[in-house]
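Colleague: Could you take me through one part of this model in close detail? I would like to look at the salt bridges and at what surrounds them.

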Amino acid sequence: MTMKPFGSPLHSTRFCTPSISPTSITFFRSLLMAAHQQCGSQKTHLDDDPKYLEKYPVPLSPPLPAVSKDMELSRAMSASSKSALFSLCRTDVLLEDDWLIALNKPQGVYCETILASVPSLLNDSPDESREVGTQSKKLEFHLANRLDRDTSGVILITKSHKVAAKLVKAFTDHKIRKTYIAFCVGQAPKWKKITVKSGHGRSKFGAWRVYAATDVGRTLPGGSSVRNMETLFEVLAINGQRCYQESSELELGIVVKEKSVIECDGNKVEVLVRAFPQSGRTHQIRLHCQYLGIPIRGDVKYEGVYEWNGVVYDGHQLHAESLSFEHPVTGSPIVIQASLPLWATEVMASSSERF
């Protein structure tokens, strides 16, 4: 889900003399993800062990569904193959200057693949001089933010350590505003806007879970701690129909204290939402959508339907729509917006209204 800044040089990549190919990186990453997923699927039920409950905070969102193990492995291997053949083109570029390059990441491609493709993109650009190829090898490209494998949208890459450090601080200080679009399937919301505040962390066997807001700061297995997580959601459309309610009574706030009591009555609806994350936690929007009873379509980790109306989805439908921030060098206001994927534009078109 979510996008989060990097604060260590370990997250930068020098492309002068690469020692590991992007294919190898994504392959090993997929194996690790599969192993991690398998462990979580088999053992997270032990979170209810009395000894565990006495020592650690109790996760309030459910463990990973059993069906997710095989599906996530298949998706990871498919993404590895897709990433191995992937290359950027100029139409993927949303913004570029001497310090930054913003790209529209497609679904099913790893962030590392995008990062590794940047030098070739710059070297092959017909608009650049011959000296650019040599110059780009001297640049230090950093992922300023990350997106999940199946999340599409804005990804920001810096061209130097100095600029990367400034953006890391901006992300950490919550000075970078982000919006996402998600296609969800679940219980029809009774709210127009809602803010969810909760805890966030890894459960005993490594799965990301929602915790009570009162558990923030408490220690989790492995030595990490529960961190705060906050997201504002706005309903854009339900079953393709634009939402017009503007009453303040439909603007709610939830401070998570217990497990979600939202139960689907069997009449699931399609819900298009815009999310405004106020923090930058891993899988934040996906977890909060699950908690609200509107898991993202295709998100098998967090109870999203993977087959809907006769169509099987090979990834979740979450899109990083925009980033807004102050340029780390010039100080100018920057707004980067990625074109929406087909699944979002179809809903917008059917609603006959502009969002």
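Modeller: Happy to! Let me begin with a charged pair away from the surface: Arg 274 and Glu 321 are both buried. The two side chains form a salt bridge, with 3.0 Å between the closest N and O atoms. This pair ties together distant parts of the chain, since Arg 274 sits in strand β12 and Glu 321 in strand β15, 47 residues apart. Please keep in mind that this is a predicted model.

Both of those strands also turn up around helix α7. This helix spans residues 284–291, and eight of its eight residues are buried. Among them are the charged Arg 286 as well as Ile 285, Leu 287 and Tyr 291. The buried residues of α7 pack against β12 (269–277) and β15 (318–326), and also against β6 (177–186), β7 (193–202), β8 (208–211) and β9 (227–238). Just after the helix comes Gly 293, which has a positive phi, near 85 degrees.

Arg 286 deserves a moment of its own. Its side chain meets that of Asp 299 in a salt bridge, at 2.7 Å from N to O. Here too the partners come from distant parts of the chain: Arg 286 belongs to helix α7, while Asp 299 lies in the loop between α7 and β13 (307–308), 13 residues away. Asp 299 has a relative accessibility of 1%, so it counts as buried. Arg 286, at 4%, is buried because the cut-off lies at 20%.

Now to the strands that α7 packs against. β9 is a good place to follow the pairing. With β12 it runs antiparallel, and seven bridges join the two; Phe 233 has Ala 275 of β12 as its bridge partner. With β7 the pairing is antiparallel as well, through eight bridges, and Val 196 stands opposite Thr 231 of β9. β9 also pairs with strand β10 (residues 241–242), in the antiparallel sense and over two bridges, where Ala 237 faces Arg 242. Two residues lie between the strands in this hairpin, and Asn 239 takes a positive phi near 50 degrees there.

Phe 233 leads on to the nonpolar interior. The largest nonpolar core has 49 residues, and Phe 233, together with Leu 103 and Ile 157, touches the most other members. Helix α4 (residues 111–123) supplies the largest share of this core, six residues. Leaving aside residues up to four places away in sequence, the contacts of Leu 103 include Leu 88, Ile 114, Val 118, Leu 121 and Ile 157.

Back to the charges, then, for the rest of your request. The structure holds 12 salt bridges. Another of them joins the side chains of Glu 72 and Arg 75, at 3.8 Å from N to O. These two are three residues apart in helix α3, so about one helical turn separates them. Both Glu 72 and Arg 75 are buried. They also belong to a network of salt bridges that takes in Arg 149 and Asp 150.

Helix α3 covers residues 67–84, with Val 67 in it. Val 67 is partly exposed, at a relative accessible area of 36%, and joins Tyr 306 and Val 312 in a nonpolar surface patch of about 250 Å² accessible area together. In the loop between α3 and β2 (93–96) you will find Leu 85, which is exposed, with a relative accessible area of 76%.

Methods:
Residues numbered from 1 in each chain as written. Predicted model: local features only at pLDDT ≥ 70, side-chain atom pairs only at ≥ 80, totals over all residues. Heavy atoms only, no water. Core = buried A, V, L, I, M, F, W, Y, C linked by side-chain atoms within 4.5 Å. Buried < 20%, exposed > 50% of the residue type's maximum accessible area, 1.4 Å probe, protein only. Helix = DSSP H or I, 4+ residues; strand = E, 2+ residues; numbered from the N terminus. Contact = heavy atoms within 4.5 Å. Patch = residues over 30% accessible without salt bridge, like charges linked within 9 Å, V, L, I, M, F, W, Y side chains within 5 Å. Areas by Shrake-Rupley, 256 points an atom, 1.4 Å probe, with all protein chains shown as cover. Salt bridge = Lys/Arg side-chain N within 4 Å of Asp/Glu carboxyl O. Pairing = 2+ DSSP bridges.
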